[in-house]
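Walk through this model with the viewer open. The route goes from charged pairs to rings, then to strands and backbone exceptions.

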Amino acid sequence: MTPSSPDPPTAAPEGVRDLLAAALASGGASAAVGPIVERLRTVEYSLEDLLDDVAAVQAGVNGDQRASAVLNHIVRDCLGTTAAVHEAAIETMAHGFCELDGRGRVVFANPALAAIMPGCVGRAFAHWFGRSAPDVRAALAHGSGNRVLQLDVRTGDGRRPVLVELGRVNDGNASFAIVTDLSAAEAAERRVLAASPTAILKLGARGRLRFVNAAAEELLGRPAASMLGRTVLALLPVRDRARVREEMARRSLGEPGDYELDHLRPGARRPNRLHVLALPDLGYAGGKPVGTLAMLRPLDDGIVARELVEIIGRATVPADLFGEVMAQVARLMPFAQAYLMAYSADATFVRVIGSFPDRPPADRGRWLAVPAPLRPLVDREDGTGGAPDQIWRAFDSAGKDAAAGPEALEGLGVRSFLYAPIREKSKLKAVLLLLGREPGLYRDGAEDRLRALGAMDAAAAALRLDRARERSFERKFLRELASLDGSREMAARVCERLVGFYGWQNVALFKVNEVEARFELVAQRAAPVDGIDLPSFHTQPLADGLLGLAFERGAPVRMGDVDDGSLEAGRYVAGSPDTRSEICAPVRLGDRIVWMLCVGDRRSRVFEGPDELALLRTIKLLEPCLARAIEAELGNQALDMVPDGVVLVDPDGVVMRCNAKARMMLGGGAVGRPFAERLDDPEVARELAHAASAPRDVVVRDGDGAPLVVRMRHQTHESAYHHRVIVLEDRGAKRADASFARVDKVLADMADRARGPLSLVHSFLGEIARSADTREPEALAGLAEKALKHLDRFSFDHRDVSDALSRRADAAGGSAPDAAALLATLLDELPPSVRTRIRVEPSSSDGPLPVDARPGETAELIRNMLLRAVELTPGHVSTELAADRRNGEVELILACPGAGDVPADRDPADRLLAREARALGAQFERLAEPGGQRLRLSLPEAGHV
């Protein structure tokens, strides 16, 4: 046989054809019937095999009628004998069996089925299954394959559980059913469940109770007879019924459930909390669940106490720890809201650490004065329960009266509370507060139960975590400040961290510029939700606002509320329309105030007690770091003022720092690399290992490899830890040395007198540095001379700026400042990147524009207005400046094409400019016009009547 040949037919058991042939030869069929029937009872031989064998033998007799009759007789006898055996088996089988017609009526039933369903013949089979009849009819109409159902048969004395298998007969309309009585199996199962110490319920598919063991009777306080046949929902409070319906729907899908619910025992005043483990009951048929097996366990204190121990061991965030703990407590003790609040050291301030189920507020750093209704509770040694007229909600009344009355709580549905203090060495540290919506929830013993559960220990653990969190913040904050070199970067980091950790609305740091008698914004950070940024160029006179008051006193100044009528409120200058309270505190460098820290908030009376102490601790952390940063900056500036290149290298010869001149010579990439890489002569590189060297001409390479001839020397100081200072003298700049030396001398002479204008000089020196590659030494010397002229202009006594400007006005021939001259001077002083963006329009008025205003403040106002216009105007267009006389006033107009339409009353910059103008008797306004905005300043003209 080849692989492609069809498989041969299955061979019949040896001897069947021989038996048929022998019967034909003898003419008798009875001798063959017995052996053939025996073979038909085996799995190897079927009726189809018999018919094949008969056909094969009949084909060999060539149509002999007598032989065909014998073979047919053998087949009939075999079938008759087999059918009788099957019928006898059906009659004696332990399971019920019946045949059904096409309409589902019983046409035959064996005795076992008749015992289960008496009188079933001639009646609809589905009739016996009550509410499950539709499921039986659907299974009969299925049409193909057998279906197995677990059902209850209705009997005269109740119900009998059965397993029903339904199928078709010969693919026709008739059906059969095999019914297995499960009464014995279910009785055995119930004996096991009844003996269980755990309360167990069995529910049908529709939630009706089918079994209740003795433990469940005891737990629920009802006899089983009163519950069987009823829906489980009737045993539950209304509020839990929807949840149980959802759970039963999940059981019908084969999903397990683990949940909690309340059960009210008959005669009890309060429900018991039960833990429910529910499993789908798959019964004996498998497949679709037939109900639910529910195990009930009372939720006792021991279970919750063990959960709390685990939570305390793993939680690291105070609010999360408190939330998880109270979620467990809520399983036993009802409450609408729980709070954990810390007290200040003197128990006069309180702050929310955690809340449940609502999360604590984002501004977690807020301390509020303890309200009057709560103060009598502070001195109590034990907990207190009561009604709303003894409680408050200060922690939830932003910007309102902290001592809100009981009506507010009753309006929220709060009817009872529990105040449980947490003490350390008899000193009040915190309180655990529970608010309930039902009266009389917290009777005597409620606090003791909290302590027994471990909830008070858990609250104390959350309190310790909160303290550790603040200490950790301060340690990390100090390390972060110590790692920063620049004072401006340090200021920005302070503002960012204070807003991020304490949640204050606005934090800003101002530089004290005594030379120009003003505060200058250094850094700021606003809260992401309701904070408002000041304009980056914001300045403020030293005498104005709370900043000026704190500077004048040399101590922190606190405003409790903008409308409280205090001296501080009267001095307050609004930066944000939402600010209600503010604190300003000086930051010192030695005995001198160099910065002012200002913090504002939208809530009243925020910066009192612990919040003020936290701010002062921040300043104490900041001051030594700021001193180090300023010293480093002064050192860098001093190095940059040296006309020669200065390079600092470590003992391994790696470049650590370069001044500006050295960076110009060496180009980028020098820091962090060996200095010897920039030298052509290996001998010169070897000399760097010596303590010092004499000046000599060498060739160094810049970052692009281009050579530069310099005169180099180096030295090592004993106290410098073997670091070397290399000096590079640019031989091509000798002719400019004298001018640079004069610049150094003037700067050194003015270091303590005119620190403010030095930034202007630095901009000119930066311009010199940028043009050094393209200009000859004579041109560099000219730029240095220009820097000297600007230094000379500002070499006046910094303690009286206004008088100095007035003297300059007198020298020019008049006492009134000239607005046109001020504009020219201010434009000339602006950095090139700003000056090039302002286009001056021709004026119709020739000559000076004298104004009746103080010179210093007028110059300051015009400067701020110029910077504001540039800030509003997009970078690709220019701001147009015009100055003219009009109706007894000198009018300055700045057109800002493309500026966005920002409401003037919401713009802090506009409010500040308007305030400065009013102080001078002038008027500032910003007007919208097609395609942009326009800034207008009207100053009173001097001498006009």
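Which residue forms a salt bridge with Asp466? The partner is Arg351, and the closest N and O atoms are 2.7 Å apart. Keep in mind that this is a predicted model. The pair links distant parts of the chain. Asp466 sits in helix 16, residues 455-482. Arg351 belongs to strand 12. Along the sequence, 115 residues separate them. Both Asp466 and Arg351 are buried.

That pair belongs to a longer list. The whole structure holds 48 salt bridges. Helix 16 takes part in another one, through Glu480. Here Arg493 is the partner, with closest N and O atoms 2.6 Å apart. Arg493 lies in helix 17 (residues 487-502) and Glu480 in helix 16, so this salt bridge ties together parts that are 13 residues apart in sequence. Arg493 and Glu480 are buried as well. Elsewhere, salt bridges with shared partners build one network from Arg243, Glu247, Arg250, Arg251 and Glu255.

Now take a pair inside one helix. Glu447 forms a salt bridge with Arg451, and their closest N and O atoms are 2.7 Å apart. Both residues lie in helix 15, which covers residues 446-453. They are four residues apart, about one turn of the helix. Are the two partners buried or partly exposed? The answer is split. Glu447 has 10% relative accessibility, so it counts as buried. Arg451 has a relative accessible area of 37%, so it is partly exposed.

Next come the rings. A search of the whole structure gives 11 aromatic pairs. One of them joins Phe97 and Phe176. What is the geometry of this pair? The ring centres are 6.2 Å apart and the planes meet at 20°. Planes under 30 degrees apart count as stacked, so the pair of Phe97 and Phe176 is stacked. This contact also links distant parts of the chain. Phe97 is in strand 1 (residues 96-100), and Phe176 is in strand 5 (residues 175-181). The two are 79 residues apart. Phe97 is buried, with a relative accessible area of 12%. Phe176 counts as buried too, at 15% relative accessibility. Ring pairs also build a cluster, which links Phe473, Phe477, Phe501, Tyr502, Trp504 and Phe607.

Turn to the strands. In what order do the five strands of the open sheet run? The order is 24-23-27-26-25, and the pairing is antiparallel. Strand 24 (655-658) and strand 25 (692-701) are the edges, and each pairs on one side only. Neighbouring strands of this sheet are turned by 30° against each other on average, with direction ignored. Look inside the sheet at strand 23, residues 645-649, and strand 27, residues 724-730. Five bridges join these antiparallel strands. Val647 has Ile726 of strand 27 as its bridge partner.

The backbone has some exceptions to inspect. Most residues other than glycine have a negative phi, and most peptide bonds are trans. Where does the model depart from the trans form? One place is the bond from Phe356 to Pro357, which is cis with omega near 5°. Pro357 lies in the loop between strand 12 (349-356) and strand 13 (368-369). Strand 12 is also the home of Arg351.

Two residues show a positive phi. Ala517 has a phi of about 55°, although it is not a glycine. The loop that holds Ala517 runs between strand 17 (506-513) and strand 18 (518-526). Ala517 is partly exposed, at 34% relative accessible area. Asn887 is not a glycine either, and its phi is positive at about 55°. Asn887 sits in the loop between strand 29 (879-886) and strand 30 (889-897). With 74% relative accessibility, Asn887 counts as exposed.

Finally, step back to the whole chain. It has 30 helices and 32 strands. Of its 945 residues, 45% are buried. The accessible surface comes to about 46,700 Å², and carbon and sulfur atoms own 52% of that area. Among contacts with a separation of 6 or more, 55% involve residues 24 or more positions apart.

Definitions and conventions. Residues numbered from 1 in each chain as written. Predicted model: local features only at pLDDT ≥ 70, side-chain atom pairs only at ≥ 80, totals over all residues. Heavy atoms only, no water. Pairing = 2+ DSSP bridges. Axes fitted to C-alpha atoms, helices over the stretch in contact; angles between N-to-C directions. Buried < 20%, exposed > 50% of the residue type's maximum accessible area, 1.4 Å probe, protein only. Contact = heavy atoms within 4.5 Å. Areas by Shrake-Rupley, 256 points an atom, 1.4 Å probe, with all protein chains shown as cover. Salt bridge = Lys/Arg side-chain N within 4 Å of Asp/Glu carboxyl O. Phe/Tyr/Trp six-rings, centres within 6.5 Å; stacked < 30°, edge-to-face > 60°.
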